[in-house]
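Q: Please pick one part of this structure and take me through it closely. I'd like to hear how it is held in place and what sits around it.

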Amino acid sequence: AYRDSVAASNQPAVPIRAHCLDLYAKFLALKYRDFRDRSSGLDFGRVGGDYRHQQEFSIMEFAIAYPAKTDAWKDLVVAEDNGFTQCWFYDSQMLYSDVYVTMALAAEHTKYIKLATGVAIPSNRIEPVTAHSIATVNLMAPGRTILGVGTGFTGRNTMGLPPIPAERLRSYVEMVRKLLHG
């Protein structure tokens with residue numbers, strides 16, 4: 001319907017995903033760039049600023065979930081400019097590109113948005129590979145990376161496999177934490 005109405009109005013077509021991001025951001029009217037707590041004088045600056053004083057009030061963060069595609073960074077630039085604070089990339093090797101490559105490209109082209117795996121699947125990468133991959137992205141985007149890890153319900157299902165047991169998930173996360181902490 002949107003494409004038909006654009007064609008009928010002789011307006012240039014706007015990519016649907018960029019248009020939706022723009023409309024959503026305008027609807028929310030979120031512009032964190034100039035956010036200040038007027039009562040305490042705290043200046044939170046841009047997204048990723050000092051949130052230590054959030055007990056007084058809270059800032060709502062808005063995230064998008066996005067396929068791990070090598071050109072995803074283009075839409076993330078638009079999302080970041082419109083106040084989104086996080087992007088969670090799907091980790092499903094049978095459907096999308098490598099999540100860590102996608103995150104590295106996004107880190108290279110964005111400044112503030114947090115980049116996350118949504119979620120990494122333990123059975124698809126051994127612990128040292130996951131640890132060094134997320135650490136490498138964190139070097140490119142210090143403090144802007146989040147490692148989400150799950151049982152792989154959807155990602156493993158695309159390969160005809162069941163999710164991993166919770167105990168396996170727990171031991172995987174413990175080992176990745178140890179490797180990341182040295």
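A: **The start of H4 and the loop before it**

Asp-98 caps H4 at its N-terminal end, with a side-chain oxygen 3.0 Å from the backbone nitrogen of Tyr-100. That's a polar contact, meaning N or O atoms within 3.5 Å; within protein, one must be able to donate a hydrogen and the other to accept it, and residues adjacent in sequence count only if both atoms are side-chain atoms. Helices here are DSSP runs of H or I with at least four residues, strands are E runs of at least two, and both are numbered from the N terminus.

Bear in mind that this is a predicted model: local features need pLDDT of at least 70, side-chain atom pairs count only at pLDDT 80 or more, and totals for chains, interfaces and linings use all residues. Residue numbers start from 1 along each chain as its sequence is written, and side-chain values use heavy atoms, with hydrogens and water left out.

For orientation, the protein chain has 7 helices and 6 strands, in the order α-α-β-β-β-α-β-α-β-α-β-α-α from the N terminus on. Buried residues (under 20% relative accessible area; exposed is over 50%, partly exposed in between, with a 1.4 Å probe and protein chains only) make up 35% of its 182 residues.

Back to Asp-98, which does more than cap. Asp-98 also forms a salt bridge with Arg-125, the closest N and O atoms being 3.2 Å apart. Since Asp-98 lies in the loop between S4 and H4 and Arg-125 in the loop between S5 and H5, the pair ties together parts 27 residues apart in sequence. A salt bridge here is a side-chain nitrogen of Lys or Arg within 4 Å of a carboxyl oxygen of Asp or Glu. Asp-98 counts as partly exposed because its relative accessible area is 32%, while Arg-125, at 9%, counts as buried.

Arg-125 has another partner in Asp-91, with the closest N and O atoms 2.8 Å apart. This pair also links distant parts of the chain, 34 residues apart: Asp-91 is in the loop between S4 and H4, and Arg-125 in the loop between S5 and H5. Both Asp-91 and Arg-125 are buried.

The whole structure has 5 salt bridges. One of a more local kind is in H7 (residues 166–181), where Glu-167 and Arg-170 are about one helical turn from each other because they are 3 residues apart. Their side chains meet at 2.6 Å, N to O. Meanwhile, shared partners join Asp-91, Asp-98 and Arg-125 into one salt-bridge network.

Now for the rest of the loop. Tyr-96 sits between S4 and H4 too, and at 27% relative accessibility it's partly exposed. Leaving aside neighbours within four places in sequence, Tyr-96 is in contact (heavy atoms within 4.5 Å) with Pro-67, Ala-68, Lys-69 and Tyr-90. The C-alpha atoms of Tyr-96 and Pro-67 are 6.5 Å apart, with their positions 29 residues apart in sequence. Met-94, in that loop as well, counts as exposed at 54% relative accessibility.

Then there's H4 itself. Its buried residues are Val-99, Tyr-100, Thr-102, Met-103, Ala-104, Ala-106 and Ala-107. Their cover includes H3, S4, strand S5 (114–117), H5 and strand S6 (145–146).

This brings us to the largest nonpolar core, a core being a set of buried Ala, Val, Leu, Ile, Met, Phe, Trp, Tyr and Cys residues joined through side-chain atoms within 4.5 Å. Of its 21 residues, Ile-64, Leu-76, Cys-87, Phe-89, Tyr-100, Met-103 and Leu-115 touch the most other members. Two or more residues each come from S3 (63–66), H3 (72–81), S4 (86–89), H4 (99–109) and H5 (127–140). H4 gives the most, with 5 residues. Cys-87 is worth a look: not counting residues up to four places away in sequence, it touches Ile-64, Tyr-66, Leu-76, Ile-113, Lys-114, Leu-115 and Ala-116.

Finally, look at Ala-107 of H4. The C-alpha of Ala-107 lies 9.3 Å from that of Pro-142, 35 residues away in sequence. Pro-142 is in the loop between H5 and S6 and counts as exposed because its relative accessible area is 62%.
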